[in-house]
Every structure is written in structure tokens, then in C-alpha cells.
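Hi everyone, thanks for coming. I'd like to walk you through one structure today, so please have a look at it while I talk.

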Amino acid sequence: MLGGFLADPNFLVALAYQRLVVMLCQHCAIPLSQLPYSQKQQALWQSAVGPDAEIKVRGPGCEECGGKAVIGRRVAAEIIWVDETVREYIKKQDMFGLEQYLKQQGWVSYQDHALDLIRTGLADPQGVEQVIGEIDPDLRSKAFDYQALMERMNE
């Protein structure tokens, strides 16, 4: 019943969701490769944002940032325009189908926006994980790999 109400074109036009991600001070941020994070953690983050990304993390602080190593926050958001196809997915309560449809239309999730902030060196992966949860490319793939999860749990 709720799906029908939410799908009413007079009620719902768009959906927006946002989280605030801490931005790194670019004057004192440090490349991830210079810090003693585990190789496994570095590999996970690098895999999630791409091999060419220069991931940065919080530095020691400097005069520019007042010793805080951060300069504020930026929104990581997603917007879903509710067209007739989206309304049908809502009516059917088919969230998996809805997500697939949205991705085919070029939709970008708030998690993807947050990963872009890491990819461009503007956000620290640890800070992003506090907002969006664990950054693990295996958990974000289309088909969940239970065997890989079990192997990681047994390490």
C-alpha cells in the first residue's frame, strides 16, 4: 500500500539523500603510500577508487588549516528523479530492479560521489568510511562473492 502512495505523481517528484564528508587540507595531506596502513587496507581502498588514484589521508595539520588537517565538509549526494519507470519500481517495491534501472540511466549514488572525493585526493578514506561504511569493492559488485568473504574472514 505504501508503495502506491509513494508512487503517486502528485506526491513524489524526486528523492535526495546526502551525507557530509570531511575535506582534507591540501597543504598538509599525505599520500596514503607514505603511511603504515596495512597492505591489505591500502589494496582495498586502491581497488575501490582505481589504480591510478593518488589517495591522500589526513596530515599533521598546518598553518593553513589551523592544525586540524581538514578544511570543512562537502556533500556526497544522490538524487533520483521519479519518472514513470521509477514509479513502477516503487509500486512493485523492487529496489534491486530500481537500482539497476537507475544505473543504466547514469545515476550516481552518494557512495560513488564519496569515492570520487577520495579518488581526487580531497577526502580521506577513513573519514569517508565513517560516513558511508566500509569501502570494499567486493561488497559493491553486482554479484556478491561469498567465497571471497569467507576467505577474508579466515585470514
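**A walk through the fold, starting from one tyrosine**

Let me start with Tyr 101, which is buried, its relative accessible area being 13%. Before I go on, please keep in mind that this is a predicted model.

So what does Tyr 101 belong to? It is one of the buried residues of helix α4, residues 95–104, along with Gly 97, Leu 98 and Leu 102. These residues span an arc of only 135 degrees around the axis, and therefore they sit on the same side of α4. That fits what we all know about helices: with 3.6 residues a turn in an α-helix, residues three or four places apart point the same way. If you turn to the face of α4 directed away from the buried side, you find Phe 96 and Gln 104, both exposed. And what covers the buried residues? The cover includes β4 (70–81) and α3 (84–92). Just beyond the helix, α4 is followed by Gly 106, which has a positive phi, near 95 degrees.

Now to the rings. How many aromatic pairs does the structure hold? There are two. In the one I'd like to show you, the ring centres of Tyr 89 and Tyr 101 are 5.8 Å apart and the planes make 35 degrees, so this pair counts as tilted. Because Tyr 89 lies in helix α3 and Tyr 101 in helix α4, the pair ties together parts 12 residues apart in sequence. Is Tyr 89 buried or exposed? The cut-off for buried is under 20% relative accessible area, and Tyr 89 has 19%, so it counts as buried. Tyr 89 has another partner too: the charged end of Lys 92 sits over its ring, 5.5 Å from the ring centre.

Let's move to another helix, α2, which covers residues 39–49. Its buried residues are Gln 42, Leu 44, Trp 45, Ala 48 and Val 49. Looking down the axis of α2, you see them fall within an arc of 160 degrees, so they line one face of the helix. What do they pack against? The answer is α5 and α6. Here, too, a glycine comes after the helix: Gly 50 follows α2, with a positive phi near 110 degrees.

Between α5 (110–119) and α6 (125–132) there is a loop, and Asp 124 lies in it. With a relative accessible area of 6%, Asp 124 is buried. Which residues does Asp 124 touch? Leaving aside those up to four places away in sequence, its contacts are Leu 24, Lys 56, Val 57, Arg 58 and Ile 118. Take Arg 58: it is 66 residues from Asp 124 in sequence, yet their C-alpha atoms are 6.3 Å apart in space.

Stepping back to the whole chain, we have seven helices and four strands, in the order α-β-β-α-β-β-α-α-α-α-α from the N terminus. Of the 155 residues, 37% are buried. Among contacts between residues at least 6 apart in sequence, 74% join residues at least 24 apart.

Finally, how far can we trust it? The mean pLDDT of the chain is 83, and 82% of the residues score at least 70. Among the elements, β4 has the highest mean, 93, and helix α1 (residues 2–6) the lowest, 59. Where pLDDT is low, we shouldn't read the predicted coordinates in detail. Thanks for listening!

Notes. Residues are numbered from 1 along each chain as its sequence is written. This is a predicted model: local features need pLDDT of at least 70, side-chain atom pairs count only at pLDDT 80 or more; totals for chains, interfaces and linings use all residues. Side-chain values use heavy atoms; hydrogens and water are left out. Helices (H or I, at least four residues) and strands (E, at least two) are DSSP runs, numbered from the N terminus. Buried means under 20% relative accessible area, exposed over 50%, partly exposed in between (1.4 Å probe, protein chains only). Contact means heavy atoms within 4.5 Å. The arc is that of the directions from the helix axis to the C-beta atoms. Rings of Phe, Tyr and Trp (its six-membered ring) pair if their centres lie within 6.5 Å; planes under 30 degrees apart count as stacked, over 60 as edge-to-face and the rest as tilted. A charge sits over a ring if NZ of Lys or CZ of Arg is within 6 Å of the ring centre and within 35 degrees of the ring normal. pLDDT is the predictor's confidence in each residue, from 0 to 100.
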